[in-house]
Every structure is written in C-alpha cells, then in structure tokens.
Amino acid sequence: MSLSVALKHQFPGFALDVAFDAPPGLTALFGRSGSGKTSVINAVAGLLHPDQGRISAGGTPLLDTAQRINLPPHRRRLGYVFQDARLFPHLTVRQNLRYGRWFAGNPTTPNFDQITNLLGLHSLLHRRPAALSGGEKSRVAIGRALLSNPALLLMDEPFAALDDTRKVELLPYIEALRDQTQIPILYVSHALPEVARLATTLVVLDQGKLLRAGPAADLLADPDLAPAIGLRDAGAVLTARIAAQDADGLTELHTAGGPIWLPQIASPLGTALRIRIAAQDVILSRSRPEGLSALNILTGTVRDIRLTDQGALIQIAIGPENLLARVTTRSAETLELAPGLPIFAIVKSVAAAQTDIGTRQEGAA
Ligand SMILES: Nc1ncnc2c1ncn2[C@@H]1O[C@H](COP(=O)(O)OP(=O)(O)OP(=O)(O)O)[C@@H](O)[C@H]1O
C-alpha cells in the first residue's frame, strides 16, 4: 500500500503546491516552520479541502477534485496521532484503546494484545490519562489509532510536547511500528535527528513547495540538500551489522567502509543497525591516520564536492552508500579533494538505531 499526493491550495499569502509518493514504510514530511507540512497532512486526512488535488491510498482515491471525489475524513481509514494525545480523561487506557477498536467496527479489527504488546501498554491498561506520563499518553494515542484498523497512519509531530528524554524513549516504538506493521506512516517533523532515525522516505518542503522527495538515505547524503536541511544537522545514515561484542564493553559493527566500535549495544550478533553520522562529526584524511584516539575510521571514495559560504560539503561513497562530511574550504583545497579520490573518514560521533525488532540504544563513539 502506498500513498500518492498531489495538491495545490492558495491560502491568503501562502501557496501550497506539492506532489509526492509515500511508499510503504515511514515517510517524513520535513521542512521549516510554515513550510506547509501540517497543511499537507490535513489535506490527506480530509480536514483541508485543497483547490486542486488528487490523493490516493493503495490506488483508492480519497480525493480527486477533477472527478469531484472527496471522501469525508471518517471514510478515509486513517489513524491520526496529534501533537497532544487527546485521550478521553474519564476513560481508562483500556477503554481509550477500545474506543479506537469500536470505531473500526469491522471484523478485520487488529489484534488488541498484539498492539498493546508492540507499544508496551499492558501494565497501563487500568490507568486513566491523568496518571500517565506524556510519553505513555502518546503510546496510548498511537495504539488507539492503530486499533481503528487504519490503512494509513498520520502523525503530526507526535512528540512535540515531550522533552528529549521522553522522545528518545518513544522512538523505538515508532521503529517497531514501521518495521512490524504494513501500515504506511506519514510523519511530520522538523527535527532532523528524529527524521534520520525513523524515515525510509523523505519529503522536504520549502515555502509550500516540494524541494525533494525520495529514499531518506539518498537525500540525507545529498550535499545539494544539506543547506536546506540545515548544515548543523546535516548528516547521512549508513547500515551496519553487529559483528562482535568485545570484552572491553564495546560493540563492533561492520559497515561497507570497515569496522566501527560503539559503546555496548545489547543486541544479538547480526542485528542490522542504522547509524547516523553528522557531517560536522567527520574529519577527512588522505592517508590512514595512526596514533589517533578515534576508533572509527571508514574508507571510501570522494564522490561529490559542493562549496558553500559555510564550508565544503563532501559526499563520500562508502560501498553502495554515501557519507557526508563538512570541512572548511581551506581543508578541501589543501587535501586536493576531487571525485574518485580514495579517502579516510574519521568519525567522531555516531548515533545508532536498530532497523529491526529489539532493544535500541544511542551510542557515541
Ligand atoms: N487556514 C489557514 N488560513 C490561512 N493560512 C493558513 C491556514 N493554514 C495554514 N496557513 C498558512 O500556511 C502556511 C503553512 O502552514 P503549515 O501549518 O502547513 O506549516 P508547517 O510546516 O506545518 O508549520 P509548523 O512546523 O510551524 O507546524 C503558513 O504560512 C500558515 O500561516
């Protein structure tokens, strides 16, 4: 099931003109405040009727202004998780969840136990929302949306109201949702680390227009997009597998650019991880550095170079994947960087997240 969106809408002083496809997985709508993310999600939900547009989910048209098709929100089979959880305060967690199931009202209702397990809700079922933390409320809201048997899940900055610690606790649940259900997720965020960790597809909006849409790993490693994403946050994701648990407490991971070591990640050997390396945490060297405290040195080849007024962005091919490095223009010149040049990337810090089931941890190299 995938979602296809094409919209045009004129607000007073703001024009929205966006078209993209969201394949299965998690599609992050990313952009600065006021770029149009919520308007897009509202149009998909049926809460905004655009001047012109076509939206279809799994080939079923939800909206087609040319054909005068406009399904009302309750017939679009969407689960919508808002910024605030919007639970019924007088109902217990179980009753709040059941409300979602009741709303689905058909025999293919998803399994209650499976969803409460997925979201870790079992021990909370008897509580009322007032006795839940912000993160727990968010999980209940997600569970309620899932139990309505949605064909598509819409999440508009679901963690905006949470502090960073709570947010990090919730990310594994979203990863599990992405990896274990077949339901496409359209996810609004303006936090790049969150997007880099969760998104399989990225849609970047800028002032109501589509800047780029495509596989998240490709876009995150694209030097042309980095200025729009924000140079401080820009960074690529690479895949890695746990190869060994070393006696000194480090976990050895294998990447296409060689091994890297992170503080212990308590997951089985072979577990696939997605690691995010911020462009500003990469140092480049033409020869393999020796006598360096940094453990993590990847080998690659310079693929592309972009000079900006805030330094040089270097795209480095690491096997079939790409890494992004941000260095000063002077360094780029001194190193005589050019496409095709073999290069060593010294990685100062790595964030790791599993791509499949299990416990996840953040680690710094
Ligand atoms: N109902 C409306 N009437 C007039 N203008 C609107 C309306 N809804 C949205 N806009 C305008 O459209 C633009 C995009 O708003 P939108 O909420 O979609 O952006 P966003 O990317 O979700 O922003 P944020 O990250 O701050 O939530 C803004 O300039 C906003 O003022």
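A residue counts as buried if 20 or more other C-beta atoms lie within 10 Å of its own, as exposed if 12 or fewer do, and as partly exposed in between. Alanine 352 offers a simple first case in this predicted model: it has 24 C-beta neighbours inside 10 Å, so it is classed as buried. Alanine 352 belongs to strand E21, which covers residues 351-354. In space, its C-alpha atom is 8.7 Å from that of isoleucine 265, although 87 residues separate the two in sequence.

The overall layout comes next. The protein is divided into two parts, domain 1 (3-224) and domain 2 (235-354). Taken over C-alpha atoms, the centres of domain 1 and domain 2 are 32 Å apart. Where the domains meet, ten residues of domain 1 are in contact with 16 residues of domain 2. On the domain 1 side of this meeting place, helix H6 (192-198) and helix H7 (216-220) each contribute at least two residues. That side holds seven nonpolar residues and three charged ones, with no polar residues.

The interior can be followed from here. In soluble globular proteins, nonpolar side chains tend to be buried together. In this model, the largest nonpolar core has 102 residues, and those with the most contacts inside it are Ala28, Leu29, Leu154, Leu186, Leu202, Leu323 and Ala325. Helix H4 (residues 134-147) provides the largest share of this core, with six residues. The core lies between domain 1 (3-224) and domain 2 (235-354), because both of them give residues to it. One of the well-connected core residues, alanine 325, can be looked at in its own right. Setting aside residues up to four places away in sequence, alanine 325 touches Ala279, Val282, Leu284, Ile314, Ile316 and Ala345.

Attention now turns to the ligand. Which residues surround the ligand? They are Phe11, Pro12, Phe14, Gly31, Ser33, Gly34, Ser35, Gly36, Lys37, Thr38, Ser39 and His190. Sorted by class, this shell has eight polar residues, three nonpolar residues and one charged residue. Helix H1 (residues 37-45) supplies the largest share of the shell, three residues. Within H1, the buried residues include Lys37 and Ser39, and both of these are also part of the ligand's surroundings. Val40, Ile41, Ala43 and Val44 of H1 are buried too. An α-helix has 3.6 residues a turn, so residues three or four places apart point the same way. After H1 comes glycine 46, which has a positive phi near 90°.

Several strands pair with one another in a clear pattern. Strand E17 (residues 297-308) has antiparallel pairing with strand E20 (residues 342-347) over five bridges. Here threonine 299 stands opposite phenylalanine 344 of E20. E17 also pairs with strand E18 (residues 311-318), again in the antiparallel sense, over seven bridges. In this second pairing, arginine 306 faces leucine 313 of E18. How many residues does the hairpin use to join E17 to E18? The connection runs through two residues.

The backbone also has some less common angles. Most residues other than glycine have a negative phi, and most peptide bonds are trans. Arginine 77, which is not a glycine, has a positive phi of about 55°. Arginine 77 sits in the loop between strand E6 (69-70) and strand E7 (78-81). Is arginine 77 buried or partly exposed? It counts as partly exposed, because it has 17 C-beta neighbours inside 10 Å. Asparagine 149 is another residue other than glycine with a positive phi, in this case near 55°. Its place is the loop between H4 and strand E8 (152-156). With 19 other C-beta atoms within 10 Å, asparagine 149 is partly exposed, since a buried residue needs 20 or more.

A last example is arginine 166, which is found in helix H5 (residues 164-180). Arginine 166 has 15 other C-beta atoms within 10 Å and is therefore partly exposed. Leaving out neighbours within four places in sequence, arginine 166 is in contact with Ser133, Gly134 and Gly135. From C-alpha to C-alpha, arginine 166 and serine 133 are 8.9 Å apart in space, while 33 residues separate them in sequence.

How values were computed: Residues are numbered from 1 along each chain as its sequence is written. This is a predicted model: local features need pLDDT of at least 70, side-chain atom pairs count only at pLDDT 80 or more; totals for chains, interfaces and linings use all residues. Domain bounds come from an automatic or database domain assignment. Two residues are in contact if their C-beta atoms, placed from the backbone, lie within 7 Å. Helices (H or I, at least four residues) and strands (E, at least two) are DSSP runs, numbered from the N terminus. Ala, Val, Leu, Ile, Met, Phe, Trp, Tyr, Cys and Pro count as nonpolar, Asp, Glu, Lys and Arg as charged, and the others, Gly among them, as polar. A nonpolar core is a set of buried Ala, Val, Leu, Ile, Met, Phe, Trp, Tyr and Cys residues joined through C-beta atoms within 7 Å. A residue is near a molecule or strand if its C-beta atom, placed from the backbone, lies within 6 Å of it. Two strands pair if DSSP finds at least two bridges between them.
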